[in-house]
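Work through the exercises below with the sequence and the structure at hand. Each task is followed by a solution in steps.

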Amino acid sequence: MSLSLINTLSTPLKTASKFVSYQESASGLSASRLIQDTGTCLAPKVTFSRSKEDLAENVFLELSENAIVYLGPALLGEKVARKIFSGGLNSQEKELVAKSFKELNALAPNIKGKILPVKAAIALTTMLIPLAEFSLSYFKNLFTLKVFKKSDFQNIASLEKNEENLEQQQKVESSAKQKIGLAAALYGGLLGLSALLAAKGKNSKKLQDLCELILAPGDKLIKNNQKKSAFLNKYFSQDFNSENGKLAMSKGQLTACVTIGGLGYFGSSADRGKENLLETASRFPLVGFYIITGGELFDKGFKKLLNKFNCCKDVINKDFSSPDFKELEKKAEEIARIKNTNVSSEFKRLAKQKVIVSGVPYLFGIGVMGFFVAGMTNYFTRRRHKNFVNKNIQKANTTM
């Protein structure tokens, strides 16, 4: 994007335009999702925090897991695992590691057979990310227990002021340590499998099949239904996306983080009582769905709505995708040439449309989804607890 054109925009529009442009870049994708998810999950929880313990553990959990999920895959995959496992490849083969499974299918079988184990080994290594997110929920329980000496969710959420039960605290601590140890052991096994794939995969048909299952489960499991195969590949492949030759987080990796992390959410909540478990059950499905695919569905639906009312049509393609911000300068030049208008004015108009198309779904995730879900879950937790207390009082009065 030309600096001369973007600098002709007003300060608010220029700032928004630069953010959208950065959001679409390879380096900005994970960072922008980190900002969005932190805003979606953390800001509302801070706003609706019910005690200092509730505030502290939400800040600890959200900042930790969002940093791990959105910055971890690229750092661990690109900076660490790729360098380790591609050490035996020549310079040309190292570049092929960032190619998709579909692109590798077009290569000679001996080259494909050499690259697949490396890609699969990298993918398994980065399973540290969902396993770390799983463990974070238990670390959160330990954090609250050690710092605030509390494990009773009723106390943490200010539903009651009960005296802490030492037996319950020991149960929460024991469960947390056990689950964290389990995650560590599982990851140790995955590291061993990664090493095996990298060392022996190119000469083993069975290991090659396993590599394909890891990288393209749809292609491996479903041969006669392209739609179902594409669905499995999109949401369950542990292969990376490629952004300008570098490894970046994929939808499948994000799905793994949400689902495996969700097991930690539910398990750690159950350890602290029924109220905590029910609150998690009312919040997690909505947030998890939005993170994996709901945001994408809203984005596409919003573009369809704009298209229906003939709005922002110059930045919405026929397939309801949107051109990247860096393409707008060329598009402005083409429109100005056809309409015999000023390039700067056309660029300004396109920039406004692009900011609307990209910005509204982004702000929806932060403002509507985040605050609605946080407020709703807190309200229903307090309401469920109140109903439970009232029923117990009525029951006690009846038996007197």
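**Exercise 1. Decide whether Lys149 is buried, partly exposed or exposed, then describe its place in the chain and its backbone.**

Solution. This is a predicted model, and the values here are computed from it.
- Step 1: The relative accessibility of Lys149 is 54%. The cut-off for exposed is over 50%, so Lys149 counts as exposed.
- Step 2: Lys149 sits in the loop between α8 (128-148) and α9 (153-156).
- Step 3: Its phi is positive, near 60°, and the residue is not a glycine.

**Exercise 2. Give the accessibility class, the loop and the phi of Asn340.**

Solution.
- Step 1: Asn340 has 72% relative accessibility and therefore counts as exposed.
- Step 2: The loop that holds Asn340 runs between α16 (328-339) and α17.
- Step 3: Phi of Asn340 is positive, about 55°, although the residue is not a glycine.

**Exercise 3. Find the loop in which Ser86 lies, and state which backbone oxygen its side chain approaches.**

Solution.
- Step 1: Ser86 belongs to the loop between α4 and α5 (91-96).
- Step 2: Its relative accessibility is 5%. Buried means under 20%, so Ser86 counts as buried.
- Step 3: A polar atom of the Ser86 side chain lies 2.3 Å from the backbone oxygen of Arg82.

**Exercise 4. Count the disulfides and explain the result from Cys311 and Cys312.**

Solution.
- Step 1: A disulfide requires two cysteine sulfur atoms within 2.5 Å.
- Step 2: For Cys311, the closest cysteine sulfur is that of Cys312, at 6.0 Å, which is too far for a bond.
- Step 3: Starting from Cys312, the closest cysteine sulfur is in Cys311, again at 6.0 Å and too far for a bond.
- Step 4: The count of disulfides is 0.
- Step 5: As to accessibility, Cys311 is partly exposed at 32%, whereas Cys312 is buried at 11%.

**Exercise 5. Compare the span of α14 with the expected value, and say how many of its residues are buried.**

Solution.
- Step 1: The helix has 21 residues.
- Step 2: From the first C-alpha to the last, α14 reaches 30 Å, close to the 30 Å expected at 1.5 Å a residue.
- Step 3: Of the 21 residues, 16 are buried, which leaves α14 mostly covered.
- Step 4: After α14 comes Gly273, with a positive phi near 125°.

**Exercise 6. Describe the second largest cavity: its volume, its lining and the elements that contribute to it.**

Solution.
- Step 1: There are 3 cavities of 30 Å³ or more in the structure. The second largest has a volume of about 220 Å³.
- Step 2: It is lined by 20 residues, and those closest to its centre are Arg50, Asp54, Asn58, Glu279 and Arg283.
- Step 3: Two or more lining residues come from each of α4 (52-85), α14 (251-271), α15 (274-308) and α17 (343-399).
- Step 4: By type, the lining divides into 5 nonpolar, 7 polar and 8 charged residues.

**Exercise 7. State the element counts, the overall span and the buried share of the protein.**

Solution.
- Step 1: The protein has 17 helices and 2 strands.
- Step 2: Its C-alpha trace spans about 85 × 60 × 40 Å along the principal axes.
- Step 3: Of its 400 residues, 47% are buried.

Key:
Residues are numbered from 1 along each chain as its sequence is written. This is a predicted model: local features need pLDDT of at least 70, side-chain atom pairs count only at pLDDT 80 or more; totals for chains, interfaces and linings use all residues. Side-chain values use heavy atoms; hydrogens and water are left out. On a 1 Å grid over the protein atoms alone, a cavity is a set of points where a 1.4 Å probe fits but cannot get out, and a pocket is an open set with protein on both sides within 12 Å along at least five of seven lines; lining residues have an atom within 4 Å of a point. Grid points are joined across faces, edges and corners, and a volume is the space filled by probe spheres set on the points. Helices (H or I, at least four residues) and strands (E, at least two) are DSSP runs, numbered from the N terminus. Ala, Val, Leu, Ile, Met, Phe, Trp, Tyr, Cys and Pro count as nonpolar, Asp, Glu, Lys and Arg as charged, and the others, Gly among them, as polar. The expected span of a helix is 1.5 Å times one less than its number of residues. Buried means under 20% relative accessible area, exposed over 50%, partly exposed in between (1.4 Å probe, protein chains only). A polar contact is a pair of N or O atoms within 3.5 Å; within protein, one must be able to donate a hydrogen and the other to accept it, and residues adjacent in sequence count only if both atoms are side-chain atoms.
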